[in-house]
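Colleague: I've got a two-chain model on my screen and a pile of questions about it. Could you walk me through it?

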Amino acid sequence: MHVDKYEQVWIRISIFVLVVFTLAVLTATVSAGIQVPGVEGRVDPNLITTPGASPWAAPSVRELAPGKYEAYVLAQIWRFDPGEIRIPAGSEITFYVTSKDVQHGLKIMDTNINMMILPGQVSKLKTTFNNPGTYDVVCHEYCGIGHHTMYGQIIVEATADTTTTE
Amino acid sequence: MSVQSISQPIAATSGAKTAAERFSLENRLSAWQIGIAMSALSLGIFLGIMQGLEHAGIDLYSYIRPAFQSYYQGLTIHGVLNALVWTTFFITGFFTTAITRSLDLPISKPWLAKLGFGMMVVGLLMTAYPLFANLATVLYTFYPPLQAHWSFYLGLTLIVVGSWVAGYAFYFTYGAWRKENKGVKTPFIALAALITMVMWQIATLGVAVEILAMLLPWSLGLLPGTDALLGRTLFWYTGHPLVYFWLLPAYLSWYGMVPKQAGGKLFSENLARLVFWLFLILSTPVGFHHQYTDPGIPQGWKMLHGLFTYGVAFPSLLTAFTIAASLETGGRARGGKGWFGWIRKLPWNNPSFTAQNFAMILFAFGGISGVTNASYSMNLAVHNTTWMPGHFHLTVGSATTLTFMGIAYWLVPMLSGRQLFSPKAALAQAWTWLFGMIFFSNGMHMLGLHFGAPRRTMLGAAPYRDAAWNPLLMESLLGVTILTISATLFFYVIIMTVLAGKKAKEPVEMPIAESLDDSPTPAWLDRWRGWVYGAVALVILAYGPMLYVLVNEMQLIPLPPGFRVW
């Protein structure tokens with residue numbers, strides 16, 4: 001098949017650019033530890049809130065070790081439970097989130113935490129909060145007439161050695 | 001060899017009939033399909049304006065109750081009418097003209113084309129009823145367990161299946177042409193349109209299964225519940241190739257028609273054919289890049305689909321070169337000199353050309369933000385933020401919609417036999433769409449990227465809305481304002497053309513670009529079997545294992561009776 005010589009050059013450039021993009025994404029994913037949710041097993045949204053049946057029966061934040069937390073968050077129309085989470089600056093926190101009813105989303109502003117929350121599934125991501133401040137946790141998937149009111153907050157409190165950072 | 005010359009044997013057998021007589025059914029079908037598409041678009045755009053105002057803090061929904069109950073009902077109708085109805089009806093209407101004129105052969109089984117159209121109309125009415133009665137405020141993605149009225153699901157199914165049937169009428173016509181033209185290569189426009197319809201056939205199987213096997217029986221009370229993840233996966237199996245179903249008709253026009261309007265020729269027709277075949281095989285096995293942030297799908301599968309998505313960017317990069325080179329042949333033929341001088345010589349006074357050229361420019365930026373979305377590592381920064389509507393208003397909202405408007409500027413005169421009412425108003429429409437969309441989409445992109453503002457959200461009333469968002473919301477409101485003017489101009493020009501346009505002195509003809517490169521087309525670019533097998537094989541490879549797991553693990557989770565969240 002005849003292909004114009006300039007077009008041949010363009011084809012090579014196109015392939016090169018896409019290969020570079022692929023390598024850049026792979027490198028960034030590995031070196032910066034970018035994570036997306038994966039498989040965490042299934043749960044039954046109609047049973048999880050039975051007392052004692054699952055960690056989401058009493059959604060809360062637990063300290064596993066100094067500076068290491070895990071948060072079991074339950075999404076439902078139109079709130080996150082717990083709606084407010086307090087942790088000291090410098091903490092690493094792992095979120096386990098599921099929905100009791102329809103689909104929701106969870107995005108923590110100014111972080112890489114961004115996930116879909118589905119009934120029957122557990123979404124897991126972790127991050128470290130180095131800077132003190134208040135971070136809004138916003139539902140970003142349409143979940144009904146009150147969707148825009150569904151949000152929570154993470155309050156990262158300054159500790160003795162982090163007060164000097166911004 | 002030019003496209004027209006190869007179909008002369010057929011034309012010769014048609015005797016002395018004029019084109020209007022030979023294609024009277026096709027013209028009527030096209031006119032109805034395009035008319036319905038534009039009616040849907042007018043209402044869809046009206047609701048878009050309401051949303052833009054709401055984001056800027058001006059909530060007018062309280063004034064239009066009880067016609068529309070809420071922002072979210074308006075948003076649902078905006079999405080369904082603009083993204084599904086406007087596109088599907090326009091595309092079948094446009095193809096009815098494009099395929100039959102490209103083959104120079106009327107539809108060989110008219111009853112099939114009429115049946116397809118009838119199904120689409122019935123489907124539209126069945127979809128519209130629950131939408132307007134506020135019984136299906138589930139957005140155009142209808143993610144379970146949001147439960148719409150059954151009529152919504154059945155109506156959508158009929159629209160899609162009706163478009164399949166319209167496609168079958170095209171395939172039979174192609175078969176009839178092939179019988180008379182053994183060994184002749186398929187004219188480019190017909191080939192591109194047929195490939196698009198076959199791609200659509202493969203791509204819509206996902207949503208067809210989602211609706212027919214899960215959502216419809218569930219909404220009728222025959223199934224106890226739904227599986228949210230399986231529903232999303234089947235939806236996005238269709239959801240990504242859906243965007244190519246919107247885009248490929250625009251590409252068809254850019255490759256096969258715009259060069260002619262620009263006074264030039266299609267630069268490399270063989271590559272253009274290859275591009276469409278590549279879209280056939282690569283459009284579908286990429287859907288997980290819409291589900292990067294979903295739980296329950298292993299990261300490896302997401303990565304694989306991300307890789308394939310870069311693959312499907314390749315034919316679009318080829319397109320960028322070929323189209324620009326084709327336009328250059330036009331600019332030079334019109335006396336343009338130097339590296340850039342040819343650009344000024346392009347027919348900027350032709351609204352059909354100008355609208356489509358601006359659609360290409362806007363699409364370049366839409367393509368860039370699309371590659372960002374598809375990137376496994378960067379998607380987290382923008383997923384479900386206003387970046388997304390910023391992106392797809394450049395793609396389906398500009399590359400597709402502005403191109404279709406440009407097509408309408410010759411197609412409506414052709415079908416109505418009247419001259420375009422005011423080419424100046426139509427030109428102003430193209431310019432205002434360009435600038436309106438630049439402001440709107442830049443505001444939305446930046447708001448999502450810098451502040452993470454969520455999409456599909458009544459931002460004007462959100463408690464977490466920050467004052468720092470206001471400049472960007474105002475920028476997008478400025479865009480909405482200019483787009484409102486543009487849309488008004490469009491409907492003004494179209495309505496006045498049909499009602500008050502002067503009778504055309506000579507019949508308007510479909511622009512068909514000749515090929516610049518007269519080297520022979522390799523046989524493998526005109527054979528269906530291998531490409532279709534390849535497409536199916538890639539879909540099975542990319543989706544088979546994961547769908548097997550999801551179906552095996554399916555939980556049909558019930559919701560309390562009468563659970564309705566809007």
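What follows is a short back-and-forth on the two chains, the sheet and the contact.

Colleague: Before we dive in, what kind of model is this, and what pLDDT do local features need?

Modeller: It's a predicted model. Side-chain atom pairs count only at pLDDT 80 or more. For local features, the pLDDT needed is at least 70.

Colleague: How many helices and strands does chain A have?

Modeller: Read chain A from the N terminus and the elements go α-β-β-β-β-β-β-β-β-β-β. So the α comes at the start and the β elements follow. The count for chain A is 1 helix and 10 strands.

Colleague: What is the radius of gyration of chain A, set against a compact globule of 166 residues?

Modeller: The C-alpha atoms of chain A fill a box of roughly 70 × 45 × 30 Å along the principal axes. Of its 166 residues, 36% count as buried. A compact globule of that length would come out near 15 Å, but the radius of gyration of chain A is 21 Å.

Colleague: How far apart are the C-alpha centres of the two domains of chain A?

Modeller: Domain 1 of chain A covers 1-34, and domain 2 covers 55-157. Going from one C-alpha centre to the other, the separation is 37 Å.

Colleague: And chain B: why does it count as compact as a globular protein of its length?

Modeller: Chain B has 20 helices and 0 strands. For 566 residues the globule rule gives 24 Å, and the radius of gyration of chain B is close to that, so the chain is as compact as a globular protein of that length. Its C-alpha atoms fill a box of roughly 65 × 50 × 45 Å, and 59% of its residues count as buried. The radius of gyration that settles it is 23 Å.

Colleague: What share of the contacts in chain B with a separation of 6 or more comes from residues 24 or more positions apart?

Modeller: Take chain A as a reference: there, residues 24 or more positions apart account for 59% of the contacts with a separation of 6 or more. For chain B, the figure is 86%.

Colleague: Back to chain A. Which strands stand at the edges of the open sheet?

Modeller: The sheet has 5 strands in the order 4-10-9-6-7, with mixed pairing. Each edge strand has a single partner strand, so one side of each is left without a neighbour in the sheet. Neighbouring strands are turned by 20 degrees against each other on average, direction ignored. The edge strands of chain A are strand 4 (84-88) and strand 7.

Colleague: Do strand 4 and strand 10 of chain A pair in the parallel or the antiparallel sense?

Modeller: Strand 10 spans residues 151-157 and shares 5 bridges with strand 4. Within strand 10, Ile155(A) is the residue opposite Arg86(A). The sense of the strand 4 and strand 10 pairing is parallel.

Colleague: In strand 10 of chain A, which residue is the bridge partner of Val137(A)?

Modeller: Strand 9 and strand 10 of chain A run antiparallel and are joined by 6 bridges. One pair to look at puts Val138(A) opposite Tyr151(A). For Val137(A), the partner in strand 10 is Gly152(A).

Colleague: What about Ile108(A): which residue is its bridge partner in strand 9 of chain A?

Modeller: Strand 6 and strand 9 of chain A pair in the antiparallel sense over 2 bridges. Lys107(A) stands opposite Val138(A). The partner of Ile108(A) is Val137(A).

Colleague: Which element of chain A gives the most to the side that touches chain B?

Modeller: The contact takes 52 residues from chain A and 55 residues from chain B. Helix 1 (5-31), strand 6 (104-108), strand 7 (114-117) and strand 9 (133-138) of chain A each supply at least two residues of that side. On the chain A side, the residues divide into 26 nonpolar, 18 polar and 8 charged. With 10 residues, the element that gives the most is helix 1 of chain A.

Colleague: Last one: is His445(B) buried or exposed?

Modeller: His445(B) sits in helix 18 (residues 423-451) of chain B. Leaving aside neighbours within four places in sequence, His445(B) is in contact with Ser369(B), Trp387(B) and Gly390(B); the C-alpha atom of Gly390(B), 55 residues away along the chain, is separated from that of His445(B) by 4.9 Å. The cut-off for buried is 20 or more other C-beta atoms within 10 Å. Because His445(B) has 25 C-beta neighbours inside 10 Å, it counts as buried.

Technical notes:
Residues are numbered from 1 along each chain as its sequence is written. Chains are lettered from A and ligands numbered from 1 in the order in which they are written. Two residues are in contact if their C-beta atoms, placed from the backbone, lie within 7 Å. Helices (H or I, at least four residues) and strands (E, at least two) are DSSP runs, numbered from the N terminus. Ala, Val, Leu, Ile, Met, Phe, Trp, Tyr, Cys and Pro count as nonpolar, Asp, Glu, Lys and Arg as charged, and the others, Gly among them, as polar. Domain bounds come from an automatic or database domain assignment. The radius of gyration is taken over C-alpha atoms; the globule rule is 2.2 Å times the number of residues to the power 0.38. A residue is buried if 20 or more other C-beta atoms lie within 10 Å of its own, exposed if 12 or fewer, and partly exposed in between; C-beta atoms are placed from the backbone. Two strands pair if DSSP finds at least two bridges between them. Axes are lines fitted to C-alpha atoms, for helices over the stretch in contact, and angles run from 0 to 180 degrees between N-to-C directions.
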